[in-house]
Each structure stands twice: as C-alpha cells, then as structure tokens.
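Take a first tour of this structure. The report below goes from single residues to the sheet and then to the charged side chains.

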Amino acid sequence: MADEQMDTQQDDSAIEDLKERILAALETVIDPELGVDIVNLGLVYGLNLDETGLCTIDMTLTTMGCPLTDVLTDSIHQALAKVPEVKDVNVNLVWYPAWDTSKMSRYARIALGIR
C-alpha cells in the first residue's frame, strides 16, 4: 500500500513538473500588441496533455475578433514543440469567462502600468 501511495505521489509530481514546463513554454509567447506573455496576461484558462501527447490549450484573447489570433496560435505551436512530451497542439479559443484586466498577474500589471 505504501508503495502505491509513493508511486502516485511520484506520478503527481511528474505531472506537475510537466505542467510547469508547458506553462514556462507558453510564457515565451508574447502578445505583440501588449508586449507581455499570454500566461501573465491571464489569457490561458486551462491546459490538458493526454496520453497520446496532444496538448489542448483553452485560452481567450483580449478582444473578440483580435487580428493576431493566427500569430498567437502559431507561436503557441512553436513554443510547445520544444516540450518533448507534446506531440500535437490544439488551441481552443473560448470567450467565457470574458477576459478583463483582473486576470493579469502582478508582473503584467506592472509592465503595462495598470494599478
């Protein structure tokens, strides 16, 4: 029983490590209009990596109809290609909950001069 619990803890730790590496890769994706990465802007709402290596990113944009959708999606694909466990990427654009500045990190607020 103790061995099973230890294996579960190691699995959970490996999953958390992988999630952190995926988020770190996504932090390299900069919104060209704002000059801040999509994670700190609060645009990434969720991520999932399945057993086949498909990474699904649920994210939003600062505005509906943003002309940079393709640029950001391409940048996400390029960033996640550097994570060996990620074999394919699916970006789901969602509009709920609506994005607003409260979703931004402290870093993003400071970088953009928002109090």
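Start with N40. This residue sits in the loop between helix 1 and strand 1. The model is a predicted one, and in it N40 has a relative accessibility of 15%. N40 counts as buried because that value is under the 20% cut-off. Its side chain is not without a polar partner: a polar contact of 2.6 Å joins it to the side chain of S105. S105 is also on the contact list of N40, which leaves out residues up to four places away in sequence. The other entries are E27, K103, M104, Y107 and A108.

**A second residue in that loop**

L43 is also found in the loop between helix 1 and strand 1, the strand that covers residues 44-49. Is L43 buried or exposed? L43 is buried, with a relative accessible area of 0%. Its contacts, leaving aside neighbours within four places in sequence, include D31 and I38. They also include the run D58, M59, T60, L61 and T62, and W99 completes the list. One of these partners, T62, lies 19 residues from L43 along the chain. The C-alpha atoms of L43 and T62 are separated by 7.4 Å.

**The sheet**

What is the order of the strands in the sheet? The sheet is open, has three strands and runs in the order 1-2-3. Its pairing is mixed. Strand 1 and strand 3 are the edge strands, since each pairs on one side only. From one strand to the next, the twist averages 15 degrees.

In general, strands of a sheet pair through backbone hydrogen bonds, and the sense is either parallel or antiparallel. Here, strand 1 and strand 2 run antiparallel and are joined by five bridges. Strand 2 and strand 3 pair in the parallel sense, over six bridges. Helix 2 packs on the sheet and touches strand 2 and strand 3. The direction of helix 2 makes about 150 degrees with that of strand 3.

Now look at individual bridge partners. G46 is matched with D58 in strand 2. D58 in turn has N92 as its bridge partner in strand 3. C55 is matched with V89 in strand 3.

Strand 1 and strand 2 also form a hairpin, with four residues between the strands. In this hairpin, G53 takes a positive phi near 95 degrees.

T56 gives a view from strand 2, which spans residues 54-59. T56 has 17% relative accessibility and counts as buried. Beyond its neighbours within four places in sequence, T56 is in contact with G46, L47 and N48. N90 and N92 are contacts of T56 as well.

**Cysteines**

A disulfide is a covalent bond between the sulfur atoms of two cysteines. How many disulfides does a search of the whole structure find? The search finds zero. C55 is buried, with a relative accessible area of 0%. C66 also counts as buried, at 7% relative accessibility.

**Salt bridges**

The count of salt bridges comes to two. They link D17, R21 and E85 in a network. Here are the two pairs.

| Salt bridge | N to O distance |
|---|---|
| R21 and D17 | 3.3 Å |
| R21 and E85 | 2.7 Å |

The two pairs span the chain in their own ways. R21 and D17 are four residues apart in helix 1, which covers residues 2-26, so about one helical turn separates them. What does the salt bridge of R21 and E85 tie together? R21 lies in helix 1, while E85 lies in the loop between helix 2 (69-80) and strand 3 (88-93), so this pair ties together parts that are 64 residues apart in sequence.

How accessible are the members of the network? R21 is partly exposed, with a relative accessible area of 31%. D17 counts as partly exposed too, at 39% relative accessibility. E85 is partly exposed, with a relative accessible area of 32%.

Definitions and conventions:
Residues are numbered from 1 along each chain as its sequence is written. This is a predicted model: local features need pLDDT of at least 70, side-chain atom pairs count only at pLDDT 80 or more; totals for chains, interfaces and linings use all residues. Side-chain values use heavy atoms; hydrogens and water are left out. Helices (H or I, at least four residues) and strands (E, at least two) are DSSP runs, numbered from the N terminus. Buried means under 20% relative accessible area, exposed over 50%, partly exposed in between (1.4 Å probe, protein chains only). Contact means heavy atoms within 4.5 Å. A disulfide is a pair of cysteine sulfur atoms within 2.5 Å. A salt bridge is a side-chain nitrogen of Lys or Arg within 4 Å of a carboxyl oxygen of Asp or Glu. Two strands pair if DSSP finds at least two bridges between them. Axes are lines fitted to C-alpha atoms, for helices over the stretch in contact, and angles run from 0 to 180 degrees between N-to-C directions. A polar contact is a pair of N or O atoms within 3.5 Å; within protein, one must be able to donate a hydrogen and the other to accept it, and residues adjacent in sequence count only if both atoms are side-chain atoms.
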